[in-house]
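Hi everyone, thanks for making time this morning. I'd like to walk you through one structure, starting with its ligand site and then turning to a pair of helices.

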Amino acid sequence: MSTESPTPPAEFAPLPTRCEVLIVGAGFGGIYALHRLRGLGFDAHVVEAGGGVGGTWYWNRYPGARCDVPSVQYSYSFDEDLQQDWVWTERYAAQPEILAYIEHVVDRFDLASGITLNTRVAAADLDESGTSWTVRTDSGAVVQAKFLIAAVGGLSSPQIPDLPGIESFQGEIHHPGAWPHDGVDLAGKRVGIIGTGSSGVQMIPLVAQEADHLTVFQRTPCYSIPAGNRPLTEEELAQVKATYPELRQAGLRASNSQVYPTEGRPMLADPPELRQEVLRRYWADGGLGIARAYTDTSTDPVAGEYLSQFIRDRIADIVSDPDKREALTPRSFPFNGRRPTLDTNYYRTFNLPHVDLVDVRAHPITGLTPTGLRTDEAEYDLDLIVFATGYDAMTGSLFRLNVSGRDGRNLRDAWADGPQTFLGLAVHQFPNFFVIAGPGSPSVLATVVLAIEQQVEWLGDLLVHARTVGADSIEATPDAQEDWMHEVRTAYEKSAFNGVDSWYVGANIPGKPRVILPYAGGATTYRAVCDEVAAQGYRGLRLASVVQPSTNA
Ligand code: NA7
């Protein structure tokens, strides 16, 4: 089964040999960067490895794939007509609908003529002058670009653990982030799913409906909240559309850009019976709003623990088998310490007689065999294994670009001890190279579409500024980068993620440096810092005119 579309539709463009701005990736970030930069008069072009646009939403076609932010918020805000015209059919859109939306945006803004598909960047090298990039693709094509923007997505480098015997397994192996376009036939099969992050939690109930037998291999139990997904009514949509600008403004004021109803008071101000009543109401409504029902659940550890225990109690209500129940109950970290998951019938699925749960923290996976999987305790016969084991988050997809900056230094070496950026956008010694939704920015901790819009717009303004002042080189200064990394560390230390193992700190990849990847200080604070930097003439960035105008034609 193939994960690639064979040939791109005719309206997509061939790769140019030269452009002003080369953008890598045709997901939410790359598409908006193309649209915005074109509008500002730049000759911009997108190169995309996939056979279609959509990025994450092009690749993640597994059963149950959907966003965990309400659809009406998980969408571009830059064009009022677009948000008025598009009709979301569900509270949380499923992958096909999000992909259709992205394709619609590409059509609507006539972007296909600036996108080349089926082309992976193999290497990007800074020219000697430090003012342009030579980008090589996997097919040997070369593009010269003044500016290079990586919009490659924080979760686009699928991670499959290097287990002994993996090549000997005779059945099928899949990863949610490279799901075959023509689907996977699960009927009559003994399926194993390794991993209980968002991908595993979303697919487990649906795989259980089709497979003959399902074994879930869980290393860390998650706190999963019922999504409460349902069709959106015409009245609800009309209500959102009547107040879309206000909704977006409210998003700008929220630290993770998401707008939810709230009681507007601290949990600890309420007596326990009222807390229970409130939390049960939010639990029944579904979604991540439960984390915002009270104002102190992410700032006061006592309130955070109360919510954590509330969720543990709900797991106990649902899961009937005592061993499964205990294994599914997270106790080693608080609700806010890792990314929570949204589900539809996740815990209930473990009550089905053909669904087993194996605790691979207690009994680690020791390898694969020709017929299945082995832990240090038992062997499991399987026809198909899904490695829902996550991604080399936030840096893996950047390293795959093989970017070399000043003195030929590769980004992988420059970031050997963890990513170093200024505002998550620029990197010292990598002039004219920018990253969208990368490490050091809020991205994955906010509504990523809105985080992307803010960065793209800021970057567009920066490039206009450089053009106005005649600068052909933009580079983060070492001091500004160091100061920003200090901010990133400080924000992490104050956050609920501090000290908890997760992909936010690289803990899911053996050997990856343990440093916080996203900026945890909130999207509002981040935006204010970016605005202040711009207002101060792009403090922290060195803008220079290196090549004489006559030789830079
Ligand atoms: P995640 O959230 O990184 O989840 C990966 C899961 O796989 C998680 O439960 C891991 O356990 C587990 N895992 C990873 N490696 C192993 C090995 N070697 N053995 C056993 N279990 C393993 O990835 P997802 O794709 O689910 O979600 C990514 C993001 O997409 C998500 O946060 C949303 O933003 C959407 P661990 O917790 O590391 O013990």
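**The ligand site and a helix pair**

So, the shell around the ligand: by class it holds 7 nonpolar, 8 polar and 4 charged residues. Here Ala, Val, Leu, Ile, Met, Phe, Trp, Tyr, Cys and Pro count as nonpolar, Asp, Glu, Lys and Arg as charged, and the others, Gly among them, as polar.

Please keep in mind that this is a predicted model, where local features need pLDDT of at least 70, side-chain atom pairs count only at pLDDT 80 or more, and totals for chains, interfaces and linings use all residues. Residues are numbered from 1 along each chain as its sequence is written, and side-chain values use heavy atoms, with hydrogens and water left out.

Which residues come nearest to the ligand? Of the 19 around it (a heavy atom within 4 Å), they are Ser-199, Arg-219, Thr-220, Arg-338 and Arg-339.

Now some polar contacts (N or O atom pairs within 3.5 Å). A ligand oxygen sits 2.4 Å from a side-chain N or O atom of Thr-220. For polar backbone atoms, a ligand oxygen is 3.0 Å from one in Ser-198 and 3.2 Å from one in Ala-388. The protein buries 85% of the 770 Å² that the ligand exposes when taken alone (Shrake-Rupley, 1.4 Å probe).

On to the helices. The axes of α6 (residues 234-242) and α7 (residues 244-253) come within 4 Å and cross at roughly 70°, so the two helices are roughly perpendicular (65 to 115 degrees). Val-240, Lys-241 and Ala-242 of α6 make the contact (heavy atoms within 4.5 Å) with Tyr-244, Glu-246 and Leu-247 of α7. Those residues divide into 4 nonpolar, no polar and 2 charged.

Terms used: Polar contact = N/O pair within 3.5 Å; in protein donor to acceptor, adjacent residues only side chain to side chain. Axes fitted to C-alpha atoms, helices over the stretch in contact; angles between N-to-C directions. Parallel < 35°, antiparallel > 145°, perpendicular 65-115°, else oblique.
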